[in-house]
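Q: Please take a close look at the sheet in this model, strand by strand, for someone who has not seen it before. I would like to begin with a single pair of residues and then see what surrounds them.

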Amino acid sequence: MRDGAAIQDQIPDNHCFGCGPQNDHGLQIKSYWRGENESVCEFTPLPHHCAGPTRYLNGGIIATVIDCHTICTAIADGYRQAGRDTGTGNKIWYATGKLEVQYRAPAEIDEPVELTAKILERTERKTVLSCELKSAGRLCATANVVAVRVPDNW
Ligand SMILES: CCCCCCCCCCCCCC(=O)SCCNC(=O)CCNC(=O)[C@H](O)C(C)(C)COP(=O)(O)OP(=O)(O)OC[C@H]1O[C@@H](n2cnc3c(N)ncnc32)[C@H](O)[C@@H]1OP(=O)(O)O
């Protein structure tokens, strides 16, 4: 279950490698709200996203999709807290202040990965989130992320 349009398709001017619709060479992940404080994302790896062994997903790609899914969730939440639809009015941006990933099991390269992010805490300047990444139903990575609000000229 997921709510509404993809968060990334509502955030303007995003050229990020992991989540920017404007980046033709990027991963272009898509995240969706699932209720008030939770969001989900499904990403299908390509063969060249592999680790050393070709059957497993590269750890940097795992960190990137977690980073982008959680930061885009923080951005969309910033708009929600301001009482606006995502992407409307003055731009709201967050950058990654902290990204702590624990790799618990290898993720299969030929299976989609499923991410679930949860907002744990929010203040004026930062949003703290947790994230789980699963592959074929198995928990492969967990993360703690601090998203810090940054100005438009960051
Ligand atoms: C136009 C902008 C575009 C932005 C890109 C969007 C692309 C779309 C999505 C892209 C998706 C991909 C996204 C990417 O890849 S973003 C690219 C990767 N990230 C970076 O390059 C960030 C580089 N760092 C900075 O710019 C600054 O250091 C930041 C902005 C992070 C903080 O700046 P500053 O130091 O001035 O902030 P502050 O001192 O006022 O603190 C504010 C609050 O934050 C808390 N805190 C700070 N750091 C940390 C930390 N390390 N751990 C824990 N907490 C931390 C701090 O305690 C305080 O909390 P509190 O004490 O108030 O409770």
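Which residue in E6 is the bridge partner of leucine 99?

A: The bridge partner of leucine 99 in E6 is valine 145. Before going further, please note that this is a predicted model, in which local features need pLDDT of at least 70 and side-chain atom pairs count only at pLDDT 80 or more, while totals for chains, interfaces and linings use all residues. Residues are numbered from 1 along each chain as its sequence is written. The names of the elements refer to DSSP runs, numbered from the N terminus, with helices being H or I runs of at least four residues and strands being E runs of at least two.

The pair just named belongs with the joining of E3 to E6, which run antiparallel and are held together by 10 bridges; two strands are said to pair if DSSP finds at least two bridges between them. Glutamate 100 also lies in strand E3. Leaving aside its neighbours within four places in sequence, glutamate 100 is in contact with Ala143 and Asn144, where contact means that the C-beta atoms, placed from the backbone, lie within 7 Å. Glutamate 100 is exposed, because 12 other C-beta atoms lie within 10 Å; on this scale a residue is buried with 20 or more such atoms, exposed with 12 or fewer, and partly exposed in between, with C-beta atoms placed from the backbone. Although glutamate 100 and aspartate 85 are 15 residues apart in sequence, they are 29 Å apart in space, C-alpha to C-alpha.

The whole sheet can now be laid out. It is an open sheet of 6 strands in the order E1-E2-E4-E5-E6-E3, with antiparallel pairing. Strand E1 (31–33) and E3 stand at the edges with a single partner strand each, so one side of each is left without a neighbour in the sheet. Direction ignored, neighbouring strands of this sheet are turned by 25° against each other on average. Helix H1 packs on the sheet, touching E1, strand E2 (38–43), E3, E4, E5 and E6, and its direction makes about 140° with that of E3; such axes are lines fitted to C-alpha atoms, for helices over the stretch in contact, and angles run from 0 to 180 degrees between N-to-C directions.

Moving inward from E3 and E6, one meets E5, which is joined to E6 by 10 bridges, the two strands running antiparallel. Here lysine 126 stands opposite valine 148 in E6. E5 and E6 form a hairpin with 2 residues between them, and alanine 136 in the turn has a positive phi of about 55°, although alanine 136 is not a glycine. Alanine 136 counts as partly exposed because 13 other C-beta atoms lie within 10 Å.

The next step is from strand E5 (residues 126–135) to strand E4 (residues 113–122), which run antiparallel and are joined by 9 bridges. Valine 113 stands opposite serine 135 in E5, and the bridge partner of glutamate 121 in E5 is valine 128. These strands, E4 and E5, also form a hairpin, with 3 residues between them. Beyond E4 comes E2, and 6 bridges join these antiparallel strands, with threonine 116 in E4 as the bridge partner of valine 40.

What fills the space between helix and sheet can be approached through the core. The largest nonpolar core has 35 residues, and those with the most contacts inside it are Val65 and Leu133; a nonpolar core is a set of buried Ala, Val, Leu, Ile, Met, Phe, Trp, Tyr and Cys residues joined through C-beta atoms within 7 Å. E2, H1, E4, E5 and E6 are the elements that give two or more residues to this core, and H1 gives the most, with 11 residues. Leaving aside its neighbours within four places in sequence, valine 65 is in contact with residues including Phe43, Val113 and Leu115.

Finally, E3 returns in the surroundings of the ligand. Of the 20 residues around the ligand, Ile71, Trp93, Gly97, Lys98 and Lys126 come nearest, nearness being counted when a C-beta atom, placed from the backbone, lies within 6 Å. Helix H1 (59–81), strand E3 (93–103) and strand E6 (138–150) are the elements that give two or more residues to this shell, and the largest share, 5 residues, comes from E3.

How values were computed:
Contact = placed C-beta atoms within 7 Å.
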